[in-house]
Number of protein chains: 2
Amino acid sequence: MESVDAKRAAPPDDPVDELSGASDTGGKVPVHELVYRRLRALILFGDMAPGQAVTIQGLTSQLEAGMTPVREAIRRLISEGGLTFRDNRRVSVPVLSVENIAELKFLRSAIEPELTRLATPRLSVAEIDALERIDTEMDAAIAGGDLESYLKQNHAFHTRIYAAAEAPIMTSTADRLWLRFGPSLRFVCARVESVALPDNHKTMIAAFRAGDAETAALAMRADVLQGMVQIETCLAEDLYKS
Amino acid sequence: MESVDAKRAAPPDDPVDELSGASDTGGKVPVHELVYRRLRALILFGDMAPGQAVTIQGLTSQLEAGMTPVREAIRRLISEGGLTFRDNRRVSVPVLSVENIAELKFLRSAIEPELTRLATPRLSVAEIDALERIDTEMDAAIAGGDLESYLKQNHAFHTRIYAAAEAPIMTSTADRLWLRFGPSLRFVCARVESVALPDNHKTMIAAFRAGDAETAALAMRADVLQGMVQIETCLAEDLYKS
DNA sequence: CTCGGCAAAATTTGATCATATTGTCGAGAT
DNA sequence: ATCTCGACAATATGATCAAATTTTGCCGAG
């Protein structure tokens with residue numbers, strides 16, 4: 001089966017699986033948690049465009065949930081930077097500015113390599129194999145032009161590494177940052193045809209196998225910077241155009 | 001309108017929202033925002049002990065607010081790490097572990113010096129004067145044994161620097177980290193008589209005046225590490241005791 | 001007769017919804 | 001261009017239901 005992740009019962013974040021699965025799950029998880037995960041995935045994988053308005057009532061009908069759970073999920077996402085609470089008391093998907101990207105670049109290149117460094121000695125062989133499978137699927141998605149799959153596999157690749165680091169505060173901090181540039185990713189990748197990314201992933205996997213934390217961390221740093229620069233140039237072009 | 005403050009007739013003790021809502025106390029702020037600020041201050045300044053249970057209905061009566069606003073505020077604080085959502089669906093103030101402190105040390109010493117570096121060229125003379133006044137009041141609070149005031153002045157000192165950096169993502173990230181060790185601070189300071197000397201603060205102020213971003217950043221890094229080490233040793237003693 | 005444990009009632013707490021109230025945006029008239 | 005009115009969206013309350021914890025009461029063993 002592809003659900004290689006059998007250990008984790010219900011830690012705070014496992015949005016990908018919950019999204020693909022039906023809206024109905026076991027009775028133990030509260031609705032506001034499910035709404036949160038689904039909405040989070042919607043933002044993270046570019047299903048909502050930057051600047052798009054988000055209304056409570058729209059989500060209650062779209063996700064078929066009550067008003068209170070939707071409200072709580074929205075507050076949570078706002079607090080994580082995935083949504084913006086404007087002065088009108090209305091909510092929308094935030095738009096990245098150039099200054100924001102500079103901040104994200106600094107924070108991500110500080111945190112994510114460190115998470116990779118911590119993860120290296122903790123990654124089991126099975127986990128590394130799983131990472132390699134994810135990377136392979138990612139290549140297939142790129143070759144096939146399946147943007148949705150590409151984004152999700154890329155996210156899964158990073159997320160699983162960070163989960164292995166066993167550093168909850170740093171991981172949740174990194175997750176928050178991903179939420180910020182998520183909405184722009186689809187947008188960016190739509191116009192950048194040649195994605196030259198996977199080299200870093202392959203380097204990482206080899207370094208994991210060799211137990212070389214430093215090389216893995218450097219590759220992660222390169223991967224992060226590569227992605228952010230790509231968003232940066234795309235956004236600069238857009239500013240120039242308009 | 002007049003219906004807004006109908007509930008807050010004469011609560012004798014309410015210093016919290018006065019502090020956080022220094023400039024904006026207009027009628028435009030929603031209740032869930034006010035509840036959030038007050039609850040946040042309660043956590044940040046050690047009014048709630050680590051491990052203490054937090055109930056929705058308790059807060060509705062204590063803060064005299066409805067159920068929905070309290071609920072939203074709690075979700076927000078959970079998402080920021082200031083509260084923990086347990087498997088029982090109950091909420092409590094989290095307890096710091098040694099591993100958590102290591103993470104906080106890494107993150108804070110990466111982010112807060114950078115914020116200081118960014119802030120240095122943006123700090124006006126008036127702002128620096130305000131910082132010096134805060135530092136003076138902090139000294140007075142230490143001398144007078146006023147722990148509450150000390151914690152708030154120290155927080156204000158850092159917060160005002162970070163606000164000047166004009167880096168919203170990094171600032172909100174740093175704020176999140178403060179929420180994590182806030183509950184432990186009062187606890188720590190209660191037993192450590194000799195509080196970390198504000199040498200670093202004085203160094204920072206001088207560096208701000210000289211426009212020396214690098215020195216200011218280094219002093220901030222020293223200040224951060226000093227604080228975290230203090231919490232660390234205190235927590236280690238507690239582990240040893242039990 | 002007392003002590004300890006087990007189980008059922010009672011209480012507390014959380015989750016969700018339906019609804020009333022309030023505020024905001026926009027169309028059309030002055 | 002400004003003002004008023006109506007539709008729409010968010011805020012906030014209280015009620016209701018469900019889950020979990022605590023209390024209570026019972027029974028048997030020592």
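Biologist: What makes up the surface near DNA strand C, by class?
Modeller: The split is 9 nonpolar, 8 polar and 5 charged residues. Ala, Val, Leu, Ile, Met, Phe, Trp, Tyr, Cys and Pro count as nonpolar, Asp, Glu, Lys and Arg as charged, and the others, Gly among them, as polar. This is a predicted model: local features need pLDDT of at least 70, side-chain atom pairs count only at pLDDT 80 or more, and totals for chains, interfaces and linings use all residues. Residues are numbered from 1 along each chain as its sequence is written, with chains lettered from A and ligands numbered from 1 in the order in which they are written.

Biologist: What makes a residue near a strand?
Modeller: Its C-beta atom, placed from the backbone, must lie within 6 Å of the strand. 22 residues surround DNA strand C, and A:Val31, A:Gly66, A:Asn88, B:Thr55 and B:Ile56 are the closest. Two or more residues each come from helix H2 (31-44) and helix H4 (67-79) of chain A, and from helix H3 (56-62) and helix H4 (67-79) of chain B. Those helices are DSSP runs of H or I, at least four residues long, numbered from the N terminus.

Biologist: Which residues come nearest to DNA strand D?
Modeller: They are A:Thr55, A:Ile56, B:Val31, B:Gly66 and B:Thr68, out of 17 around that strand. H4(B) gives the largest share of this surface, 3 residues. By class, the surface has 8 nonpolar, 7 polar and 2 charged residues.

Biologist: Why is the relation between chains A and B called a two-fold axis?
Modeller: A rotation of 180 degrees with 0.0 Å of shift along its axis superposes chain B on chain A, with an RMSD of 0.1 Å. That is the relation of a two-fold axis. The fit is by least squares on C-alpha atoms of residues with pLDDT of at least 70 in both copies.

Biologist: Why do the copies meet through the same surface?
Modeller: Because 100% of the interface residues of chain B are also interface residues in chain A. Contact needs C-beta atoms, placed from the backbone, within 7 Å. By that test, 23 residues of chain B touch 23 residues of chain A. H5(B) provides the largest share of chain B's side, 7 residues. That side divides into 8 nonpolar, 6 polar and 9 charged.

Biologist: What does A:Leu39 contact, leaving aside its neighbours within four places in sequence?
Modeller: A:Leu59, A:Ala73 and A:Leu77.

Key
Contact = placed C-beta atoms within 7 Å.
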